[in-house]
Structure formats: C-alpha cells, structure tokens
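Reader: Hello! I work at the bench and would love a close look at one part of this model, the place where the two chains meet. Could you walk me through it and then set it in its surroundings?

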Amino acid sequence: MLFVLVGIVVSTTSFAWPALRHSGLGFFTGSTWSSKSNTYGALALIYGTVVTSLVALVIAVPLSIGVALFATELCPPRLRGPLVSMIDLLAAVPSVVFGLVGLLAFHDVLQSFYRTFAGPAASGTSFLTAGIVVAFMICPVITSITRDVIAAVPRSRIDAAWALGATRTEVVRTAILPSSTAGITGAVMLGLGRALGETIAVALVVGSSVQISANVTEPGYSMAAIIANTFNGEGNMMNQQALMGLGVVLFAITIAVNVVARIVVDRSQKRLEGAA
Amino acid sequence: MTAGAHSLEPTAPAGGFTPILDAETRRDVRRRTVSGRRRVFDRSGRFVLWATVIVTAIPLTAIIVVLIAKGAHLLNWHFFTGDIPAVTGQSSQGCADISEAFRAKYGMDCSPPRPAMGPAIIGTLLSTGIAALIAIPLGILGAVYLNEFSPRARLARTIRFFSDVMTGVPSIVMGMFIYTVWVVRLGTDGRSAFAAALALACLMLPIVVRTSEEMLRTVPDELRHAGLALGGRRWHGIVRIVLPTALPGLTSGAILAVVRAAGETAPVLFTIGITLTPNVSPTGGNTTLAQQIYNGAKSGDRLANELAWGAALTLVLVVFILTAIARFATSRFTRSLEG
C-alpha cells in the first residue's frame, strides 16, 4: 500500500512536471486556466474546491452531529435499525447518481429559488448546489465516526450528569459534547477530506466556469471536477500535463487533511479510553 | 447502551435496573423539579435532533422517488441485454418528415432507438469483478498479517495508519495514477476493463484491509488458544478456526468494498475507454453503468438522459441489494459471536 502511495506521487508528478515548470509559481497564483493560450493558473480552481467544501461542511456538520446524537441518545430502540440502514444506504448511493439527480431533477427548482434572493446571475449549477450535494454525500462519513466518538465517552460522566438532575439536552451539552469535541473535529476533517476530493457529483452540478466569485450561487469549477470533465490524454499535451499537476495538488491537500484528521481522531479516542 | 437506561422515561430498562417509581409518578416528579426555562431548552434540543434526522432523510427519499419516477418505465429485458444506442442528437425525433410509403418501400427502420445498457452491465461486472479478485484476497491476507502475526506492533500501526489515509485519497487521483503507469505505457490500447479494475482495486484495498481487520479483532482469543491447545499450528488455527468464524464479517466488508467500486466513475473515466457493444474481454475498450450515467447526464439529449436514468436506477438497485446483504451478514456475525 505504501508502494501505491509512493507510486502515485512519483508517476503523477513526473507526468505533470513539464507543465508545472512552464507555469512556475504562477500555477498557484494565477487565476486564468486556458488551453488556448497555454496559461495555467489554478487559483480559481483551488478557490472552487475550497468554497464547495466549506459550503458542504457548513451544511453537513450540524446535520451529522445531530443525527449521531439522535442515534446514540434519543432514538427509540425500534427506530435505530432503520436509521442506521438509512445512513448506510445514503453512503452507498454512487456519486454520479447524486450528480444526475442534482443536475437533471433539481436544477430548475434550485435556480428559481436562488434567483429570488441572489439576483439573475444565480444559476442552478453553482458552487452552492455543489456544496449542498457534497454535504449529503459526506454526512454518512461524519455521522458514523461521530457516533463512535460519542459511544467512547465514559459512561460515568454521562451518568453523573443524569444523577445531578440534568435534562437530556443538558446531558448532551455538559457531558457528551465537551468530552468528544476533539473526536468530532477529527470526524469533520475526514469529511472535509472527502469533500475536497469529491469529483463526479461536483463535475456535474458546479457549472463548469473558471472564476473566483464571492457569490456562491454563481457557476464555478473545482480541481477534481475540471480533471474529470477535460482530462482525456489527447490533444494539447501541455493542458493534459497541467491537469495532472492539479491532481498532484489535490492529492497533496487531501493527504495532509487526512493525516491530521486521523491523528486527531486517534488521539481523542486514546484519551477517552484512558479516562474511562 | 439503550437510551432508556439513562432517561427518566420507563422505556426498556437495561442491566437489570428496575424502576422504583411508576411512570406517572416519575413524570410528575420531573415536572416539579425541572424549571420551565430548562424544560423549554430540553424540548427545543430534542426538536433540533429530530429535525436533523428528517432533513438527512430527504435526499435519500428524493433520490429513490426521482429514480423510480424517471427510470422505472425504461427497465425491461431489452434494456439489460441490448446494445447501447448511439446518441446522435436527432435520434429522439426518428425520421418523422419521411413519408410512411417511402419508409415501407425502402424498408427503413424509423422507430426511435430503444434505450439499453447491456454492454455497460457487462463492463461493470467485468471491471468490478477483476478488481474484487485482486483486492479482496490481498486485503484479507493483509488483515490476517496485521492482526494475527504483525511481529512489531509499531509496523502494524504504521500500516494501519497509511491504509486509513489511503481511504481518503480522492478516487480521481487513483484513476490518474493508473493512467500514468498503465495507459500511458500501452497507448490508447491500454484503456480496458483491466486498467479500470486496477484503479478500482487500489480504491478497494484499504477498505477491505480495515473492515477485515475489525472483524478479525472481534474473534475471541479463546478460540485461537483452543486451536493451539489442540496441538494445531498457527496457520491451521487461522485457516480452520479464525477465518471461518469471521467469514460473515469478512464477506460484508468485501461486499461494501465492491459496492463502493461498482459506483465509482472518476477512476474509470480515463482508464476504460468506450464501447457501445458488448465486450467480455478484459482487454479493449469497455464501459460501465457509472460512466454511462455521467455521459448521459452531461448531454442535453433526451435519449442520453433516458439512458442515464435507466442506468442509475439499475446501479442503485444493485448497490442497495448488496448493502442489505452486507448488513445482514454483519448482524448474523455479531449475533453468532454473542451467542
């Protein structure tokens, strides 16, 4: 497996090298991405990736933590089975199906909805739509890890809170959340890693327009999405190499996020086990 | 850890705990001891939790409803077996402007092409199947090594850590990796079900390792000790006792990895090529359901969209059934260990 990881770095970087050298530092600071003029500045694409992921997190984090708390603390026993199945099934839906449904079934609804508050520039395929779709895709990941983290909270702390006469919501606020903050942070970062790398669904609903815009209802693009939509190994070689360069950047970012997230999750679980 | 054990409600007390007061009295006690403001806070907290569950249920319901509404009427025997019709743009109109007599005279077939996905189903089975053949044995062997042998705990921990990190590598990067080491070497001929299977196997491997390891860890040590006590070798114990005990769990892990691979589009896009006719060989251009959905969704053509809806419904059905089987296997496994 290490071999695969190292192999990914070496082979993709060497493929992308000519384009990276051609663009130099401009690869990270320029925001024009054009195969016609052979100008490759990835800033707008990096921006798109970050914005869609952040939108996704803003939506997914409260939802996932809520569902995880519900499943562990509030759920009637009879409902727990169906709830877990629901999360499993949501995780099993292929990315491309999310994209298909988002694009062909909800495009018009979302577009008219956005236009009521964001003006006529708003589009049904935009940063925001991509963020919403990705949010539901990373929900299962965050939920399942958060559930594990909450389950690892020492029973004694929770019982103590109950014994002091806390209501259920107070137990959650005073006993469960403080002990699991670090673990939940890790879970959120793992979700972020997924969101950054999410490709096909974003490629279908992000709007395919390379631009930096503060208005999230306008169409945009992300690194993974532009690779999926335009990489085919043919035509302008420089363009292909630049796309491969994007792959390298994306790989580096997601690996960094994942490594940090794993360390945070492992550490918090070890600390809780020590406390129990 | 049932919710009832910690609440004041009289629901299924766990661990032999018997409620001292009856339900009505406890509710009464509670009403007096909890102030109004706290009660409102508690109620609103519960309400928020319920709301998150309902909001999360919306997309799944919406996807299922939309897929059935748009795809159900397309599914028939021809859809599963016929060749994929070429999407030309005019295909949905047929040749309405040509007169009936002219068509009959020259034997022109003007019926609009019927959507079908036969080759994509074959391609999906082929690429996912090869990927499973590569990744599942390797992954289970790796898990056995990590859990049963791993001479140095530190090494095992490092491998475990990297397989976790590898699960987070974007699938499109896996596709690009296989593209550079396989397709570039072999030219366009390198695009095949086998190349796609390599990319999918890279994705499946860490999933199989991690889930199998979890399952092996739940096999009680007493069983291993019993094997050794009977004079068996370590390998005998693993092959005849540990693996059969963990089999349902291993199966479910493997199925979940297959589910993930079958639905993946990104790593397949530039490794598999394309075909509209069935190709049962691991070499040569091929296609998958996921790739067809992607192509169909991008196109504005009605026929292309129909192809995408039908393929999506087929794929989701398969994936849901496999997930259900995996869950069933897991629950049987945990129950058999408890019993």
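**A close look at where the chains meet**

Author: Happy to! Let me begin inside one chain: helices α3(A) and α7(A) are oblique to each other, because their axes cross at roughly 40°. This is a predicted model, so please read everything below in that light. The two helices are residues 43-74 and residues 127-151 of chain A, and their axes come within 5 Å. Their crossing is right-handed. The residues of this contact divide into 23 nonpolar, seven polar and one charged.

Now to the meeting of the chains. Here 70 residues of chain A are in contact with 65 residues of chain B. On the chain A side, the residues that touch chain B comprise 45 nonpolar, 18 polar and seven charged.

One pair of helices gives a good view of this meeting: α5(A), residues 95-105, and α12(B). Their axes come within 9 Å and cross at roughly 20°. An angle under 35 degrees counts as roughly parallel, and α5(A) and α12(B) are therefore roughly parallel to each other. The crossing of these two helices is left-handed. From α5(A), the contact draws on V96(A), V97(A), G99(A), L100(A), L103(A) and L104(A), while α12(B) brings A290(B), I293(B), Y294(B) and A297(B). By type, the residues of this contact divide into nine nonpolar, one polar and no charged.

What surrounds α12(B) itself? Nine of the 10 residues in this helix, which spans residues 289-298 of chain B, are buried, so α12(B) is largely enclosed by the rest of the structure. Those buried residues are L289(B), A290(B), Q291(B), Q292(B), I293(B), Y294(B), N295(B), G296(B) and A297(B).

Two residues of this helix pair turn up again in the largest nonpolar core. This core has 182 residues, and V97(A), M204(B), I293(B) and A312(B) touch the most other members. Helix α8 of chain B, residues 193-218, gives the most to the core, with 18 residues. A312(B) is worth a look on your screen: leaving aside residues up to four places away in sequence, A312(B) touches V97(A) and L100(A) from chain A, and L67(B), G71(B) and I293(B) from chain B.

For a contrast, turn to F117(A), which lies in helix α6 of chain A, residues 107-118. F117(A) counts as exposed, because it has 8 C-beta neighbours inside 10 Å. From F117(A) to S64(A), the separation is 53 residues in sequence and 27 Å in space, C-alpha to C-alpha.

Finally, the two chains as wholes. Chain A has 12 helices and two strands, and along its sequence two helices come before the two strands, with the other helices following. Its C-alpha atoms fill a box of roughly 70 × 50 × 30 Å along the principal axes. Of the 276 residues in chain A, 54% count as buried. Chain B has 13 helices and zero strands, and 42% of its 339 residues are buried. Among contacts with a separation of 6 or more, residues 24 or more positions apart account for 75% in chain A and 76% in chain B.

Notes: Residues numbered from 1 in each chain as written. Chains lettered and ligands numbered in written order. Predicted model: local features only at pLDDT ≥ 70, side-chain atom pairs only at ≥ 80, totals over all residues. Helix = DSSP H or I, 4+ residues; strand = E, 2+ residues; numbered from the N terminus. Buried ≥ 20, exposed ≤ 12 C-beta atoms within 10 Å, placed from the backbone. Contact = placed C-beta atoms within 7 Å. Nonpolar A, V, L, I, M, F, W, Y, C, P; charged D, E, K, R; others polar. Axes fitted to C-alpha atoms, helices over the stretch in contact; angles between N-to-C directions. Parallel < 35°, antiparallel > 145°, perpendicular 65-115°, else oblique. Left-handed = near helix turned anticlockwise from the far one by under 90°. Core = buried A, V, L, I, M, F, W, Y, C linked by C-beta atoms within 7 Å.
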